[in-house]
2 protein chains.
Amino acid sequence: MDLNERKLKILQAIVSDFISTSEPIGSRTLSKRPDIDLSPATIRNEMSDLEEMGYLTHPHTSAGRVPSDKAYRLYVDQLMKGSDLPEVNKQEISERLHKDADELDQTVEHAAQLLSEMTNLVSFAITPNRSESKISYINFLPVDESSVVLMIVCEDGKVTNSAIRMNSPYTEENLTLMSKVMTHNFKGKAVSAVLTENIAAMFESDMQALAGLAGSVVPSFMKTLEKMLNVDLYMDGYSNIFRLPEYSDVSKARNFLEAVTNKEQFTNVLVNRDQGLAITIGDENSEDLKDFALVTADYKVNGKLVGRLGVIGPKRMKYGEVTSVIKYITDNLSQTFEIPAPEEAAEESAEAEDNDK
Amino acid sequence: MDLNERKLKILQAIVSDFISTSEPIGSRTLSKRPDIDLSPATIRNEMSDLEEMGYLTHPHTSAGRVPSDKAYRLYVDQLMKGSDLPEVNKQEISERLHKDADELDQTVEHAAQLLSEMTNLVSFAITPNRSESKISYINFLPVDESSVVLMIVCEDGKVTNSAIRMNSPYTEENLTLMSKVMTHNFKGKAVSAVLTENIAAMFESDMQALAGLAGSVVPSFMKTLEKMLNVDLYMDGYSNIFRLPEYSDVSKARNFLEAVTNKEQFTNVLVNRDQGLAITIGDENSEDLKDFALVTADYKVNGKLVGRLGVIGPKRMKYGEVTSVIKYITDNLSQTFEIPAPEEAAEESAEAEDNDK
DNA sequence: TGTTAGCACTCTGAGCGAGGGAGTGCTAAC
DNA sequence: GTTAGCACTCCCTCGCTCAGAGTGCTAACA
């Protein structure tokens with residue numbers, strides 16, 4: 001049996017109707033659609049075929065048809081109409097993202113917020129993984145007799161710092177020396193590469209005089225590097241899920257919340273998805289997310305680092321609208337975090353200076 | 001009519017029974033309790049009195065009694081038995097809080113997690129407000145041609161940084177000069193005080209040569225100071241609320257989530273609570289939280305800064321247990337973040353050094 | 001005078017059955 | 001190949017009843 005054009009048309013109608021109503025679709029309902037000029041009986045025959053082929057299911061004998069995961073997949077791949085974002089929404093996105101755009105973390109958080117508002121789903125965003133970011137310099141700064149702040153700056157401008165409690169007394173000169181030697185040794189190296197180096201040995205060879213400080217400094221330094229690798233997860237719109245009829249059962253809602261608020265596990269899921277625009281539906285997801293669909297897309301920072309943004313919701317999601325919103329936001333984010341070409345920056349700054357006077 | 005001992009005893013029994021069952025309590029049930037030696041009829045009379053006095057209500061004629069907000073308040077103030085935390089739990093708290101205790105933010109997050117696990121409620125924690133923290137120094141650091149990192153360190157070791165996009169070209173000397181002058185001017189001053197100073201004027205008088213940079217630097221500096229005043233909110237255990245029978249109705253669960261995931265508003269509520277151990281019940285809260293009870297307590301950092309930790313849940317909360325967990329955790333946190341007396345620190349460090357060798 | 005037993009009354013919630021509605025599958029005719 | 005017709009299935013709602021829980025009132029008791 002093959003999926004001829006008529007079957008596709010019927011399937012498409014069922015999926016899109018089900019997406020908007022969440023009610024099983026019957027043959028009579030379909031036959032009333034202006035774009036389908038067939039009698040209920042004919043439609044029933046086709047439906048029966050589609051069910052046999054695994055695209056439809058049946059909650060019970062006298063109910064209409066419901067799309068299967070396979071049907072959603074086909075719908076997303078072939079049948080769905082891409083929708084163009086209304087100009088108003090595009091403007092809103094641009095405006096809200098460009099406001100306060102100097103902090104990556106904050107902008108990403110805003111993007112997630114925006115996304116959940118526009119899709120009425122639960123949205124999330126993760127910040128880029130920095131394991132391949134290069135270290136720009138390392139600085140130890142005094143706080144009080146026994147505490148020091150360690151600061152590591154990446155070439156992309158990301159600053160990570162930690163407090164270090166020193167077990168031995170130190171002088172400012174000690175800190176300056178450590179800063180210099182470590183910057184000299186690690187500048188330009190990737191975070192992941194530095195993590196594998198033997199830093200204790202460095203104290204023994206390059207800074208013998210400070211070997212006594214190694215005990216306090218080395219573990220903190222390693223921890224800070226690991227902290228740089230952390231991917232932050234933002235989520236928004238939790239309560240949106242409760243507006244959907246499929247979660248009127250509290251235990252389902254709870255399952256959802258549990259799956260999604262386990263930050264570590266969920267971050268893991270997000271990190272390991274396909275790059276670019278990725279849509280996974282139902283059993284394409286891990287066990288605890290098999291009742292949901294996820295749509296994600298990537299944004300770039302400085303043309304290199306890659307973060308990710310998306311939504312999670314029921315399988316009967318308005319894939320067309322959702323994807324276009326996500327794409328528009330990620331594209332916009334990528335633009336926002338682009339490095340301006342150096343010459344241009346210089347020109348602009350000259351202008352800005354003039355204006356200031 | 002007065003609240004004689006018998007009435008108090010009955011009220012206490014009703015509240016504590018209702019807390020554990022969430023079912024309206026009838027006179028027969030009460031009369032079966034070993035500590036109450038009265039016939040159902042007598043109890044009914046007393047209940048009727050208590051209802052008249054506003055301590056009990058009645059869902060409908062043939063249902064048992066339910067405590068009012070007033071009854072919970074009395075219960076918390078007078079009738080509740082403080083429960084002592086089992087030694088096992090105390091140990092678990094200590095262990096889990098002291099692990100990775102070098103980062104305040106992280107430890108506070110862990111504390112919230114722990115709290116929701118131990119109470120099976122939704123927990124939250126806010127970091128201290130730093131408006132009166134004193135600035136230790138200010139540092140501008142180069143990233144690339146057009147970006148600079150601004151770092152402000154407080155006396156308590158908190159580091160805040162922001163990226164600044166420079167509109168005019170700069171040199172490392174410029175940055176060093178700015179760092180020096182600004183540190184000199186602001187060292188020892190409270191963040192809130194610095195926020196009111198005229199920083200632009202400082203560029204005109206103390207750093208005329210750098211006046212061109214003021215346009216990029218001043219707004220970012222102000223923003224960074226404001227960022228230091230931000231209080232972070234952590235929450236944990238959202239899904240716990242769905243195990244409670246009173247939230248088996250999805251719309252109630254949604255109301256809860258909406259009230260609680262509005263971060264800005266909810267942080268505000270938390271910041272403005274009474275100091276120390278604070279319990280607010282039902283209509284003692286703002287409108288959107290009037291169906292809940294909140295229990296919070298403060299922890300101290302360096303004996304000065306004050307952060308806050310607590311839970312939100314149904315009014316029929318096990319106040320005794322919950323308060324003792326919260327108290328134990330906040331006390332423990334305060335200990336963890338105490339500044340060790342300087343002499344002691346010196347001794348310890350000498351020891352540590354010996355051990356290292 | 002406070003306490004208790006008894007009783008009528010009220011309200012809820014579970015259980016049951018009937019009936020309408022929606023939808024299917026099959027058959028036979030076009 | 002398409003359609004009309006029809007019997008059949010299943011769900012959902014509605015109304016009804018009935019048991020259970022609990023109250024309030026009254027009258028009797030210590």
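**Chatting about the protein and its DNA strands**

Biologist: How does the surface near DNA strand C divide by class of residue?

Modeller: By class there are 3 nonpolar, 13 polar and 4 charged residues near DNA strand C. Keep in mind that this is a predicted model.

Biologist: Good to know! Which residues come nearest to DNA strand C?

Modeller: There are 20 residues around DNA strand C, and the nearest are Ser27(A), Arg6(B), Thr42(B), Thr61(B) and Ser62(B).

Biologist: And which helix gives the most to that surface near DNA strand C?

Modeller: That's helix 3 of chain B, with 4 residues. Helix 2 (27-32) and helix 3 of chain A, along with helix 3 of chain B, each supply at least two residues there.

Biologist: What part of DNA strand C do the atoms within 4 Å of the protein belong to?

Modeller: 74% of those atoms belong to sugar or phosphate, and the rest to bases. Some base atoms have polar partners: a base oxygen of DNA strand C is 2.8 Å from an N or O atom in the side chain of Ser62(B). Another case is Arg44(B), with a side-chain N or O atom 3.2 Å from a base oxygen. From chain A, a polar side-chain atom of Arg44(A) is 3.0 Å from a base nitrogen of DNA strand C.

Biologist: Let's switch to the other strand. How many residues surround DNA strand D?

Modeller: 20 residues do, and Arg6(A), Thr42(A), Thr61(A), Ser62(A) and Ser27(B) are the closest. Of the DNA strand D atoms that come within 4 Å of the protein, sugar and phosphate account for 74%.

Biologist: Where does Ser27(B) touch DNA strand D?

Modeller: At a phosphate oxygen, which lies 2.7 Å from a polar side-chain atom of Ser27(B). Ser39(A) uses a polar backbone atom, 3.3 Å from a phosphate oxygen of DNA strand D. Ala63(B) has a backbone N or O atom 3.5 Å from a sugar or linking oxygen of that strand.

Biologist: Which helix supplies the largest share near DNA strand D?

Modeller: Helix 3 of chain A, with 4 residues.

Biologist: New topic: aromatic rings! How many aromatic pairs are there over all chains?

Modeller: There are 16. In one of them, Phe242(A) and Phe242(B) are stacked, with 5.4 Å from centre to centre and 15° between the planes. This pair crosses between chains, and each Phe sits in the loop between strand 7 (233-236) and helix 11 (250-261) of its chain.

Biologist: Are those two buried or exposed?

Modeller: Phe242(A) and Phe242(B) are both buried.

Biologist: Why is the pair of Phe124(B) and Phe266(B) called edge-to-face?

Modeller: Because the planes of Phe124(B) and Phe266(B) are at 85°, with the ring centres 5.3 Å apart. Phe124(B) lies in strand 3 and Phe266(B) in helix 12 of chain B, so the pair ties together parts that are 142 residues apart in sequence. Phe124(B) counts as buried at 1% relative accessibility, and Phe266(B) is buried with a relative accessible area of 1%.

Biologist: One last topic. Why is strand 6 of chain A described as largely enclosed?

Modeller: Because 5 of the 7 residues of strand 6 (residues 159-165) of chain A are buried. Strand 6 pairs with strand 5 (residues 147-154) of chain A in the antiparallel sense, over 7 bridges. Among the partners, Ile152(A) is matched with Thr160(A) in strand 6.

Biologist: How many residues are between the strands of that hairpin?

Modeller: There are 4 residues between them, and in this hairpin Gly157(A) takes a positive phi near 95°.

Note on methods:
Residues are numbered from 1 along each chain as its sequence is written. Chains are lettered from A and ligands numbered from 1 in the order in which they are written. This is a predicted model: local features need pLDDT of at least 70, side-chain atom pairs count only at pLDDT 80 or more; totals for chains, interfaces and linings use all residues. Side-chain values use heavy atoms; hydrogens and water are left out. Rings of Phe, Tyr and Trp (its six-membered ring) pair if their centres lie within 6.5 Å; planes under 30 degrees apart count as stacked, over 60 as edge-to-face and the rest as tilted. Buried means under 20% relative accessible area, exposed over 50%, partly exposed in between (1.4 Å probe, protein chains only). A residue is near a molecule or strand if one of its heavy atoms lies within 4 Å of it. A polar contact is a pair of N or O atoms within 3.5 Å; within protein, one must be able to donate a hydrogen and the other to accept it, and residues adjacent in sequence count only if both atoms are side-chain atoms. Two strands pair if DSSP finds at least two bridges between them. Ala, Val, Leu, Ile, Met, Phe, Trp, Tyr, Cys and Pro count as nonpolar, Asp, Glu, Lys and Arg as charged, and the others, Gly among them, as polar.
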